[in-house]
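The paragraphs that follow are meant to be read with the model open beside them, moving from one group of elements to the next. Please keep the sequence at hand as well, so that each residue can be located as it comes up.

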Amino acid sequence: MKKLLALSAGALLLWQAAAAQHKLVADKIIGVVGDKIILKSDMDGALADQARNSPDGSVSPQATCTTMEMLISQKVMVLQAERDSLPVSDGDVEAQMENRIRYFEQLYGSKEKMKEITGYSVYQLRERFRTPIKEGLLAQAMRNKVVESVKVTPSEVKRYFDAIPKDSLHFYESELEIGQLVLIPKATREMDNYAIERLQDFKKRVLNKESDFGSLAILYSEDPGVKENKGIYTMNRSDKQWDADFMAAAFRLKEGEISSPVKSQFGYHLIQMIKRSGDNVTVQHILLKAAVTKSDLAGATTKLDSIRNLIVNNKLTFSEAVTKYSDAQSAKFDAGMIQSKTGEGTLLTIDQLDDPSERDIVLMLDTLKPGQISAPVPFTDDNGRAGVRIVYLKTRTQPHRENLTDDYSRIQQRTLDIKRAEAINKWLIEKIPTFYVHVDDEYKNCSHISQWMAALAKQ
């Protein structure tokens, strides 16, 4: 249920280190490098992460080969870094580990709630994070050493660009950088209490067998997915995409039990445990949102207009205002800038503004020039909450065919990436024969792996 998703893809990535330590007994070894093994679950986890981060949820046909090559090269770099005694200290590992633990504490609200949801104490998470974090730092240190001297000259950039067939040059539509500062007014205590009392009444009616939980969900739940699934969801304790409060409350329930009203970022829930089996649970819920009144929205609009004036009068920068005032969950990570769905950072095209909460921004852009900020406008966010926002048009480019004048930095980066990849592959061909390497037959025909194994066979 996407409307209950709470974590970003970035948060999911952080959990891979911990998940990588939790292997099934039936896991298969698909590669060995020195004294380090590569498991099928490592491959599956990496591919699943790629699918989560792709716009359409799919991976390329070459993904299996490129992922296996990445896993092998990572192990080789770790082993060589250990040989070379590259400076990755316990302090470096602890610092990064503390950053991750702190992130999850902030995300879930407390150490206790984090343990309740993940099943691990802070101490256990530290132990599970330590090895993958250290190996990641060692591999990165080795990679940096390999490519630190790799540079590209303007003539190399031009030579790379000139080699691209003219009819293959990318055509860039008008690209924009757009920011938003969001205020979500909170419902009054009276509205909160009204939603809670309604849910308490629903629970009483179910317990007294006056109503069926599923029927009440269909009739009253404000979950957008209720028409399709009657509010029924299956969750695993290791799933990190659910709202933390919702998930914590669900896993506290016994089979057949109904929760008291639970507050989440989406509203108030009544949760019934239908079935639980180990770390898997099936629950049904009813969602009610405390109503936000017109006067609440008017107050938020007045406040946002004052914030806008501070920005326009150069008393605050847009990013400073976002950091200080925005209610958007992602504000602390993206400074209010809408991110491209194709991995281009903050550069995006109009057609990428396709989320329901973003579509009205398209109409606003016609009246904005680069550097301008809109007046406060009401909107409904992806969680169905009413709010107000101002929109900042930072930059706008004109449609054009890729060229060295307008797109030099992009072309330069691609040229550098290619040269670095060549340097790393050359280094791997030299270093792999110095280690014991075994690769499952399924992957031996991958282009780089076949090169590496050929180099190994010559030894």
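In this predicted model, a convenient place to begin is helix α9, which lies across strands β7 and β8 and runs at about 45 degrees to β8. Helix α8 also lies across β7 and β8 (280-288), in its case running at about 35 degrees to β7. The two helices meet each other too: the axes of α8 (residues 189-207) and α9 (residues 213-220) come within 10 Å and cross at roughly 150 degrees. Because an angle over 145 degrees counts as roughly antiparallel, α8 is roughly antiparallel to α9. The crossing in which α8 passes α9 is right-handed. On the α8 side the contact is made by Arg-198, Phe-202, Arg-205 and Val-206, and these meet Phe-213, Leu-216 and Tyr-220 of α9. Sorted by class, the residues of this contact are five nonpolar and two charged, with no polar ones.

The strands beneath this description belong to an open sheet of four, arranged in the order β5-β8-β7-β6 with antiparallel pairing. Which strands stand at the edges of this sheet? They are β5 (232-236) and β6 (262-264), and since each has a single partner strand, one side of each is left without a neighbour in the sheet. Neighbouring strands here are turned against each other by 45 degrees on average, when direction is ignored. At the β6 edge, three bridges pair this strand with β7 (residues 267-277) in the antiparallel sense, and Ser-264 has Gly-267 in β7 as its bridge partner. As background to both sheets in this account, strands of a sheet pair through backbone hydrogen bonds, either parallel or antiparallel.

A further open sheet, also described by four strands in antiparallel pairing, follows the order β9-β4-β11-β10. Its edges are held by β9 (348-349) and β10 (377-380), each of which has a single partner strand, so that one side of each is left without a neighbour in the sheet. Four bridges join β10 to β11 (residues 386-396), and the two strands run antiparallel; within this pair, Thr-380 stands opposite Ala-386 in β11. Helix α13 (residues 318-325) packs on the sheet, where it touches β4 (175-183) and β11, and the direction of α13 makes about 35 degrees with that of β4.

Turning to the N-terminal part of the numbering, β1 and β2 form a hairpin with two residues between them, and in the turn Gly-34 has a positive phi of about 60 degrees. The pairing of β1 with β2 (residues 36-39) is antiparallel and extends over four bridges, with Ile-29 standing opposite Leu-39 in β2.

Helix α2 (residues 40-53) packs with helix α3 (residues 63-83) at an angle of about 120 degrees, their axes being 10 Å apart. How are these two helices oriented to each other? The answer is that α2 and α3 are oblique, and their crossing is right-handed. From α2, Asp-42, Met-43, Ala-46, Leu-47 and Gln-50 take part in the contact, and they meet Ala-63, Thr-64, Thr-67, Met-68 and Leu-71 in α3. By class this contact has six nonpolar residues, three polar and one charged.

Another helix pair is formed by α6 (residues 122-147) and α16 (residues 408-431), whose axes come within 9 Å and cross at roughly 110 degrees. That angle makes α6 roughly perpendicular to α16. In this contact Met-142, Arg-143, Val-146 and Val-147 of α6 meet Arg-420, Ala-423, Ile-424 and Trp-427 of α16, and the residues involved divide into six nonpolar and two charged, with no polar residue among them.

Finally, the structure holds 17 salt bridges, one of which joins the side chains of Lys-28 and Asp-440 at 3.6 Å, N to O. Lys-28 lies in the loop between α1 (9-19) and β1 (29-33), while Asp-440 lies in the loop between β13 (437-439) and α17 (447-457), so this pair ties together parts that are 412 residues apart in sequence.

Technical notes. Residues numbered from 1 in each chain as written. Predicted model: local features only at pLDDT ≥ 70, side-chain atom pairs only at ≥ 80, totals over all residues. Heavy atoms only, no water. Axes fitted to C-alpha atoms, helices over the stretch in contact; angles between N-to-C directions. Parallel < 35°, antiparallel > 145°, perpendicular 65-115°, else oblique. Left-handed = near helix turned anticlockwise from the far one by under 90°. Contact = heavy atoms within 4.5 Å. Nonpolar A, V, L, I, M, F, W, Y, C, P; charged D, E, K, R; others polar. Pairing = 2+ DSSP bridges. Salt bridge = Lys/Arg side-chain N within 4 Å of Asp/Glu carboxyl O.
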